[in-house]
Amino acid sequence: MTIALQAHHLTKRYGALVACDQVSLSLLSGEIHALIGPNGAGKSTLIHLLSGTIAPDAGKLLMGDRDLTRLSPHARVRAGLSRSYQITNIFKQLSAIDNLMLAVQAHAGSSFEFWRPRCADQALRETAIQLAGQCAIDQELWSQPAGVLPHGEQRKLEFALALAGQPSVLLLDEPMAGMGPDETIRLTELIASLRGQVAILLVEHDMQAVFRLADRISVLVYGRVIATGTPEEIRANTAVRQAYLGEEAA
Ligand SMILES: Nc1ncnc2c1ncn2[C@@H]1O[C@H](COP(=O)(O)OP(=O)(O)OP(=O)(O)O)[C@@H](O)[C@H]1O
Ligand SMILES: [Mg+2]
C-alpha cells in the first residue's frame, strides 16, 4: 500500500483553543478513510488545513516526497489534492457537460491544444460525458443549465467537477448534508464506486454511511486523533465508544 497523503502533527490554534492538536494521519492510495468525531472536534478545520484554505501553526503535509505545507489551495489542486465544493464553483448558465468540459480543459492545460480545435472539442466532450456518466448525473439533464438542476444532481456535478482533474486525493466534508434518504443512498454508491481510483477523506455524521463505506476510520476528539483503524476496530474501541459512538455502534 502506498501513502497518498500524509499529515504530520498538524496544529491549528484559535487563541487558547487548539482546534487541531498535532494531528497525524495518512491516507492510503485509493482508500476511503472516514473522519468522525463530535461537533466542534476539528474535522472541518483539518479539511481546511489539508486543502490549504487555512495555514497550520505547526506541522507538515506531504504527498509522497513533496512538501505541500506552504502551497496555495490552487497549487495543491494541481498536485492532485482536490476538494468537492458547494454549488459556488458551478457556472449556473452553462450546461452540466459544458461545466465539465471547462473543468477538464482547465486541468489538462495545453495538452488539448495539440489537436485541431474540433478534435480537441470532441475529446473534451467525451471526457465530460464519461465523468457525467460515472457520477450518475441524470442524462436528460446533461444539456440543461446547471443552475436549474435539482439539489442532488448539482451535488453529483460538484463531484464530477472535483474528479475532472483526476486527483489522487479527494476531500469531502459532510457531502450528505441536506440530502434526502434516496439521494444519500445514491451518493453513498457513487463514493463507493470511487474506491481504488482516488484516496478519499470523508467527514460524515451519518454513521450508517460511514460504516458502510470506510476502509479505515479516524476519530477526532477535542482536536486529537484518538484512534485510527478498520470499522470493526473502531466499533470495538472503548475510548471511541465513550467519547463519541456510544450506543450508536452497538
Ligand atoms: N475561525 C474560527 N475562529 C475561532 N474558532 C473557530 C474557528 N473555526 C472553528 N473554530 C472552533 O474550532 C473548533 C473546531 O471546529 P470545526 O468546525 O473544525 O469542528 P467540526 O469537527 O467540523 O464540527 P462539526 O461536526 O460541527 O462540523 C470549534 O470549537 C470551533 O468553534
Ligand atoms: Mg465541520
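Four strands are arranged as an open sheet in the order E2-E1-E4-E5, with antiparallel pairing. The edges of this sheet are held by E2 and strand E5 (66-67), each of which has a single partner strand, so one side of each is left without a neighbour in the sheet. The model described here is a predicted one, and the account below follows its strands, its ligand shell and its helices in turn.

Within this sheet, strand E4 (residues 58-63) joins E5 through antiparallel pairing over 2 bridges, and in that pairing Met 63 is found opposite Arg 66 of E5. Two other residues of the sheet deserve a look for their backbone geometry. His 9, which belongs to strand E1 (residues 3-14), has a phi near 50°, a positive value in a residue other than glycine. Gln 22, placed in strand E2, likewise has a positive phi near 50° although the residue is not glycine. As for their surroundings, His 9 has 13 other C-beta atoms within 10 Å and is therefore partly exposed, while Gln 22, with 15 C-beta neighbours inside 10 Å, also counts as partly exposed.

Strand E2 (17-28) leads on to the ligand, since E2 and helix H1 (43-51) each supply at least two residues of the shell around ligand 1. The residues that surround ligand 1 are Tyr 14, Leu 17, Ala 19, Gly 37, Asn 39, Gly 40, Ala 41, Gly 42, Lys 43, Ser 44 and Thr 45. Of this shell, H1 provides the largest share, with 3 residues. Sorted by class, the shell around ligand 1 consists of 4 nonpolar, 6 polar and 1 charged residues. Helix H1 itself has as its buried residues Lys 43, Thr 45, Leu 46, His 48, Leu 49 and Leu 50, and just after H1 the chain reaches Gly 52, which takes a positive phi of about 95°.

How many residues of strand E3 (residues 32-36) are buried? The count is 5 of the 5, so E3 is largely enclosed by the rest of the structure. Both faces of the strand are covered, with Ile 32, Ala 34 and Ile 36 buried on one side, and His 33 and Leu 35 buried on the other. E3 also has strand partners: with strand E8 (residues 199-203) E3 pairs in the parallel sense over 4 bridges, and there Ala 34 is set opposite Leu 202 of E8. With strand E9 (residues 216-221), E3 again pairs in the parallel sense over 4 bridges, and in this case Ile 36 is set opposite Val 219 of E9.

Turning to the helices, two packed helices are described by the angle between their axes and the distance between the axes. For helix H3 (residues 96-108) and helix H5 (residues 151-163), the axes come within 9 Å and cross at roughly 20°. Because angles under 35 degrees count as roughly parallel, H3 and H5 are therefore roughly parallel to each other, and H3 passes H5 in a right-handed crossing.

A last contact links distant parts of the sequence. Asp 182, a residue of helix H6 (residues 181-193), and Gly 152 are 30 residues apart in sequence, yet their C-alpha atoms are 9.5 Å apart in space. Is Asp 182 buried or exposed? With 9 C-beta neighbours inside 10 Å, Asp 182 counts as exposed.

Note on methods: Residues are numbered from 1 along each chain as its sequence is written. Chains are lettered from A and ligands numbered from 1 in the order in which they are written. This is a predicted model: local features need pLDDT of at least 70, side-chain atom pairs count only at pLDDT 80 or more; totals for chains, interfaces and linings use all residues. A residue is buried if 20 or more other C-beta atoms lie within 10 Å of its own, exposed if 12 or fewer, and partly exposed in between; C-beta atoms are placed from the backbone. Two strands pair if DSSP finds at least two bridges between them. A residue is near a molecule or strand if its C-beta atom, placed from the backbone, lies within 6 Å of it. Ala, Val, Leu, Ile, Met, Phe, Trp, Tyr, Cys and Pro count as nonpolar, Asp, Glu, Lys and Arg as charged, and the others, Gly among them, as polar. Axes are lines fitted to C-alpha atoms, for helices over the stretch in contact, and angles run from 0 to 180 degrees between N-to-C directions. Angles under 35 degrees count as roughly parallel, over 145 as roughly antiparallel, 65 to 115 as roughly perpendicular and the rest as oblique. A crossing is left-handed if the near helix is turned anticlockwise from the far one by less than a right angle, and right-handed if clockwise.
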